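This report describes selected features of one protein chain, beginning with its strand pairing and ending with its surface.

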Amino acid sequence: MQLFKEEIINENVVKLTKDEKEIYLVGTAHVSKDSVKQIREIIEEVNPDTIAVELCESRYKSIIEKERWQNLDIIKVIKEGKGFLLFATFILSSFQKRIGLKLDSISGQDMIEGVNIAKEKGINIVLADRDINITLKRVWSLASFKEKMIILETIFESIFEKEKINESQIKELMEDGDLLSSLMTEFSKNLPFIKKTLIDERDLYIANKIINSEGKKIVCIIGKGHLSGIKTLLANRFNYDVSIETVPEKKNKVNIASYIVPLIFLIIIILGFIKGKTIALNMLKYWVVANGFFTSLFLIPILANPLTIVSAWVVSPITSLNPTIGAGIVLAIIEAFFKKPRVKDFENLSEDMTTFKGFIKNRITKILLVFIMGSIGSSIGTFVGLPFIVSLLK
């Protein structure tokens, strides 16, 4: 690769040069008004051929398309297996919006400013970040079961326990600048692979995008948390791994694993009938109780529709034995049937995502919460129910 000479302009701006090519890395805080001012000043001074921003196509559209949620088909998203991904995206949006409100600033304004200036001056725009959907899918795909549980626990804590952003979080954000990284800081402490996927891989992706951008003068607007990593990559030769642009394919054992629970259940029930009809019937009864109890229990805190909660007692025991469809999907469909999203739910979605109360009130996020909580409750019910009915064989 190329080798660039480094020059520190100030604590937020680094200039890299090689032959006739000049790259200006501008580290910003995504919700800082000072960062917005700094961006305009550096662009006016440099007059670049290209402006690269730390945005992917999805995040870019989420900023410029204010009515982007109007056409959201929440049930279709859940049926396609993208429910957890959408939920994580909502959490990121919520965190960013709450920070912006705290600082009296529009979240993502630094990136918006860069794009607006590029359009004003007819400068080439490069969306330099990896697609957020691929980033989140890679995090999930590369995580072990235990790590996934920690991820879910931390995500739920962020909406159930921390409606307000405290001053220490603000300080951390201003120092780091990257909202995606800030939200996942706690993960990185216990799960090193999270930092690799969320930060290091994106540093590599953005650095590669910058190097391959057209123009002799390039201004790249990035979160301050990425400044050191990208600067180091560009100042030295690095090898680009194209595999970071894709989601690892699911292994066949994952598909086989989904049939293990139904198979074990069937064997246990057969053994129960061998020991006696009463034992087998008790097994079926306790299976329904375990699945129904935990699934409905997880739906109560999010104030799911009473009929959805009651349905959990029928849906969960059956779907737990069906590898092709989960309880969360069916319960989300039931919730949507009784509480269909209204126009105002789409209109208020951006605002409602900033608080736990809003998550519960908005029918779109409520359906998503039913899907997630129903899925988790059903899984717990399954793992509790299996050992319990096995004990009846003794």
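## Strand pairing and a nonpolar surface patch

In strand E6, Ile222 is the bridge partner of Gly27. The model is predicted, and the pairing in question joins E3 and E6 (residues 217-223) in the parallel sense, over 7 bridges. E3 also pairs with strand E2 (residues 13-18), here in the antiparallel sense and over 6 bridges. The two pairings of E3 are set out below.

| Partner of E3 | Sense | Bridges | Citation |
|---|---|---|---|
| E2 (residues 13-18) | antiparallel | 6 bridges | |
| E6 (residues 217-223) | parallel | 7 bridges | |

Within the antiparallel pair, Val13 stands opposite Val26 of E3. E2 and E3 form a hairpin with 2 residues between them, and Asp19 in the turn has a positive phi of about 55°.

In a regular strand, side chains alternate between the two faces of the sheet. In E3, Lys21, Ile23, Leu25 and Gly27 point one way, while Glu22, Tyr24, Val26 and Thr28 point the other way, and all are buried. Because 8 of the 8 residues of E3 (residues 21-28) are buried, this strand is largely enclosed by the rest of the structure.

The surface offers a separate feature. Val288, Val289, Phe293, Leu297, Ile300, Trp313, Val314 and Ile318 make a nonpolar surface patch of about 690 Å². Helix H15 (277-299) and helix H16 (306-319) are the elements that give two or more residues to this patch, and H15 gives the most, with 4 residues. Val288 lies in H15; its relative accessibility is 34%, so Val288 counts as partly exposed.

Technical notes: Residues are numbered from 1 along each chain as its sequence is written. This is a predicted model: local features need pLDDT of at least 70, side-chain atom pairs count only at pLDDT 80 or more; totals for chains, interfaces and linings use all residues. Side-chain values use heavy atoms; hydrogens and water are left out. Patches are made of residues with over 30% relative accessible area and no salt bridge: like charges are joined within 9 Å, nonpolar side chains (Val, Leu, Ile, Met, Phe, Trp, Tyr) within 5 Å. Accessible areas come from the Shrake-Rupley method with a 1.4 Å probe; for residues, only the protein chains shown count as cover. A salt bridge is a side-chain nitrogen of Lys or Arg within 4 Å of a carboxyl oxygen of Asp or Glu. Buried means under 20% relative accessible area, exposed over 50%, partly exposed in between (1.4 Å probe, protein chains only). Two strands pair if DSSP finds at least two bridges between them.
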